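Reader: I would like to learn how to read the features of a protein model, beginning with its pockets. Could you take me through them one at a time?

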Amino acid sequence: MIKPISLYSSEIWGTFNPKSSKFRNDIVLDKIYSDLEPDKLHMKITKFVLGVNRKSSNFAVLSELGRFPIYITIVKNLLNYYFRIENMPEDSLLYKALQTSKDLDDKNHNSWYSSVRHLCKIIDLPSNFINFSKYKFRKCLLNCLKVSYVKSWENAYSQNSQGKLRTYCQFKTSFCKENYLNILKNFDLRKAITKFRISSHRLKIETGRYSKLEVHQRICDKCDLNKVEDELHFLIECPVYSKDRDMLFDLIFKECKNFYSLNMVNKFIWLLNCESINILKQLGYFLSKHLP
């Protein structure tokens, strides 16, 4: 209901100036459309649905839900409109307007067609797409947009794997909706798991950033192990939570007999990728009770 209203006429206003100095060195969809109000609204809604803080990572939130940014639809609308005009009769007003827009672009003036031409290049649309059938074009366009976004997601993934989401990138390896969101019906338990997964919490690994502490200085103050209080330490190692953790691990052992033989990292990854409803519920209870 909201999306068609927020994107009304986006095939017209969803253009940009490719000759602007803003895009001189690097024209990518994220950079072009990241500040649009529909995408900001979309992010607010997704964070509300997940129950996470508004300052949570946009990258992680979209990755958990497997949702494409709204600007993907804007680009789709714009290029569908262009395809429609190209296939209109040559004496139609819209077709003539398109030719005028092309002439302006040829003379190095920014026009509506300038955006179309650059968007086709960015998403690698085949050069002969104008000759496609309507159905074939729309299928090709959707595929190109998805491939283009997944490539940009993989680039962002590489960057985030060295920063705030270094733990997240240990167990999140592909762009898709996580199944636990469908499996767990209890909102509070689901929210606790999501917050833990995307580092929307107050463990020292996160709060230490606010006081500009180096990663190795963000030591857990709840135990004497002198270890960094990151997600792995909290969930797998910290002795303060051993009683409830043992209950969780015993439940896991019933479904995975070699669980105790795994090292800490593999236990952590296994648990965060688990799709057993009973284990997910117990994990949700554990996190709801202890996660700051």
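Author: A pocket is found on a 1 Å grid over the protein atoms alone, as an open set of points where a 1.4 Å probe fits, with protein on both sides within 12 Å along at least five of seven lines, whereas a cavity is a set of points from which the probe cannot get out; lining residues have an atom within 4 Å of a point. Grid points are joined across faces, edges and corners, and a volume is the space filled by probe spheres set on the points. This is a predicted model, in which local features need pLDDT of at least 70 and side-chain atom pairs count only at pLDDT 80 or more, while totals for chains, interfaces and linings use all residues. Residues are numbered from 1 along each chain as its sequence is written, and side-chain values use heavy atoms, with hydrogens and water left out.

Reader: What volume does the largest pocket have, and which residues lie nearest its centre?

Author: The volume of the largest pocket is about 730 Å³, and among its 26 lining residues D30, S34, P69, Y71 and Y149 lie nearest the centre. Helices here are DSSP runs of H or I with at least four residues, numbered from the N terminus, and strands are runs of E with at least two. Helices α3 (29–33), α4 (37–50), α5 (58–65) and α9 (134–160) each supply at least two residues of this lining, and the largest share, 8 residues, comes from α9.

Reader: How do the residues of that lining divide by chemical kind?

Author: Ala, Val, Leu, Ile, Met, Phe, Trp, Tyr, Cys and Pro count as nonpolar, Asp, Glu, Lys and Arg as charged, and the others, Gly among them, as polar. On that scheme the lining of the largest pocket has 13 nonpolar, 6 polar and 7 charged residues. The second largest pocket has a volume of about 360 Å³, and of the 21 residues that line this second pocket, N53, K195, S200, H201 and R202 are the closest to its centre. Its lining divides into 6 nonpolar, 7 polar and 8 charged residues, and α12 gives the most to it, with 4 residues.

Reader: Helix α5 came up in the first lining; is α5 mostly covered or mostly uncovered?

Author: Buried means under 20% relative accessible area, exposed over 50%, and partly exposed in between, with a 1.4 Å probe and protein chains only. Helix α5 is mostly covered, with 7 of its 8 residues buried, and these are F59, A60, V61, L62, S63, E64 and L65. Contact means heavy atoms within 4.5 Å, and the buried residues of α5 pack against α4, α9, α10 (168–171), α11 (180–183) and α12. S63, which lies in α5, counts as buried because its relative accessibility is 0%. Apart from neighbours within four places in sequence, S63 is in contact with W153, Y168, K172, F175 and C176.

Reader: What is the largest nonpolar core, and which helix gives the largest share of it?

Author: A nonpolar core is a set of buried Ala, Val, Leu, Ile, Met, Phe, Trp, Tyr and Cys residues joined through side-chain atoms within 4.5 Å. The largest one has 81 residues, and those with the most contacts inside it include Y33, L79 and L125. Its largest share, 10 residues, comes from helix α6 (residues 71–86). Not counting residues up to four places away in sequence, L79 touches V116, L119, C120, I123, L125, F137 and L141.
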